[in-house]
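Please open the model in a viewer and keep the selection panel at hand. The tour proceeds from the whole chain to single residues.

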Amino acid sequence: MSATNPLTKPGALPTGSLDTVSVSTAGSKRGRPGEHETRGKRPRGARRKPNIIGGIGAWIWLLIIVLPIYYIVITSVRPQAGFFSSNQLIPPSDPTLDGYALVLQSDFFLYLGNSVIITVASVAVTVFVCLMASYAIVRTNSRFTRGAFSFFLLGLAIPLQATIIPLFYMLSKAGLYDTLLALILPSIGFAVPVTVLILSNFIRDIPKELFESMTVDGASSWRTLVSLVLPLARPAIVTVALYNALNVWNGFLFPLVLTQSPSNRVLPLSLWTFQGSFSVNVPAVLAAVVLSTLPIFILYLFGRRQLISGMTAGFSK
């Protein structure tokens, strides 16, 4: 008698059916093809439920931002006579540009030139030095560069106000007090830490294969920096340039303490020109605020796209 194969008994499944059952069972567990991909998606044409609370909050935040700007602009064209007796939020019935004329006649272009010189010099030197330092930190993995990077980051923990007395003493001993250079040097020093941090993080995201291909082609470090890093890091460069320019342009403590003569006065300090012993020409002060804001606002309009892309890139690692 021959041995009976259990798979050939009546009611037993064929051998190939086992695979079929397992596949069909797995398929039933997984669902139909593509079902798991479309399960969490909203059907096409379905209306999204409006976020009423978020919309109300956005309008409130917009009002908080726009109201001060509206007040500054309408007040700058308001006449000084009867200023405090009129409603401050209603546009003036007889707008005038006397405040702007007074500002332009009060050495405004001298203060504007000083601010431009200090801002351009500080930002240019900061970006140039920090770009080379960031490239060396990223491409040279040595104890010196790691220590230098830690030293740069240490500057983030030092508040500006804590250094104003040592700076005043050192600049006075160096004969730089009441000069534009006394404002440029500290501005560069306090802009270096955050600039190195942003640029080094951005350069780290550049693929290593690009650096290796430049090395294989015989490019030097300087050539790699100019031809590869500089174009690819342009968003980060624009970001740090605008950020540092805004800080230097609006700086008040350094010009207040480190300069004295009117010839070295910058725009934030020029607002004192329209403040008397017993009264303040508010329309002229706000007209000076509007005029001093225009250059940096125009600069932001030209670089806003690079600024946004630089703020959202370079931090993926």
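Begin with contacts, meaning heavy atoms within 4.5 Å: among those in the chain between residues at least 6 apart in sequence, 73% join residues at least 24 apart. This is a predicted model, in which local features need pLDDT of at least 70 and side-chain atom pairs count only at pLDDT 80 or more, while totals for chains, interfaces and linings use all residues. Residues are numbered from 1 along each chain as its sequence is written, and side-chain values use heavy atoms, with hydrogens and water left out.

Colour the chain by secondary structure. There are 14 helices and zero strands; helices (H or I, at least four residues) and strands (E, at least two) are DSSP runs, numbered from the N terminus. Next, display the surface. The chain exposes about 20,800 Å², of which carbon and sulfur atoms supply 67%; accessible areas come from the Shrake-Rupley method with a 1.4 Å probe, and for residues only the protein chains shown count as cover. Of the 317 residues in the chain, 31% are buried (under 20% relative accessible area, with exposed over 50% and partly exposed in between; 1.4 Å probe, protein chains only).

**Helix H10**

Select residues 221-232, which form helix H10. Its twelve residues should span 16 Å at 1.5 Å a residue, and the end C-alpha atoms are 15 Å apart, which agrees; the expected span is 1.5 Å times one less than the number of residues. Which residues of H10 are buried? They are Thr 224, Leu 225, Leu 228 and Val 229. These residues cover an arc of only 125° around the axis, which puts them on the same side of H10; the arc is that of the directions from the helix axis to the C-beta atoms. An α-helix has 3.6 residues a turn, so residues three or four places apart point the same way.

Rotate to the face turned away from the buried side of H10, where the exposed residues Trp 222 and Arg 223 are found. Then add helix H5 (108-139), helix H8 (181-204) and helix H9 (208-216), which are among what covers the buried residues of H10.

**Aromatic pairs**

The structure holds four aromatic pairs. Rings of Phe, Tyr and Trp (its six-membered ring) pair if their centres lie within 6.5 Å; planes under 30 degrees apart count as stacked, over 60 as edge-to-face and the rest as tilted. Select Tyr 135 and Phe 211: their ring centres are 6.4 Å apart and their planes at 40°, so the pair is tilted. Tyr 135 lies in helix H5 and Phe 211 in helix H9, so the pair ties together parts that are 76 residues apart in sequence. Both Tyr 135 and Phe 211 are buried.

Move to Phe 190 and Phe 254, whose ring centres are 5.9 Å apart with planes at 50°, so this pair is also tilted. Phe 190 lies in helix H8 and Phe 254 in helix H12 (residues 253-258), so the pair ties together parts that are 64 residues apart in sequence. Phe 190 is partly exposed, with a relative accessible area of 30%, whereas Phe 254 is buried, at 8%.

**Charges over rings**

Return to Phe 211 and add Arg 139, which lies over the face of Phe 211 at 4.2 Å from the ring centre. A charge sits over a ring if NZ of Lys or CZ of Arg is within 6 Å of the ring centre and within 35 degrees of the ring normal. Then select Arg 204, whose charged end sits over the ring of Phe 149, 5.3 Å from its centre.
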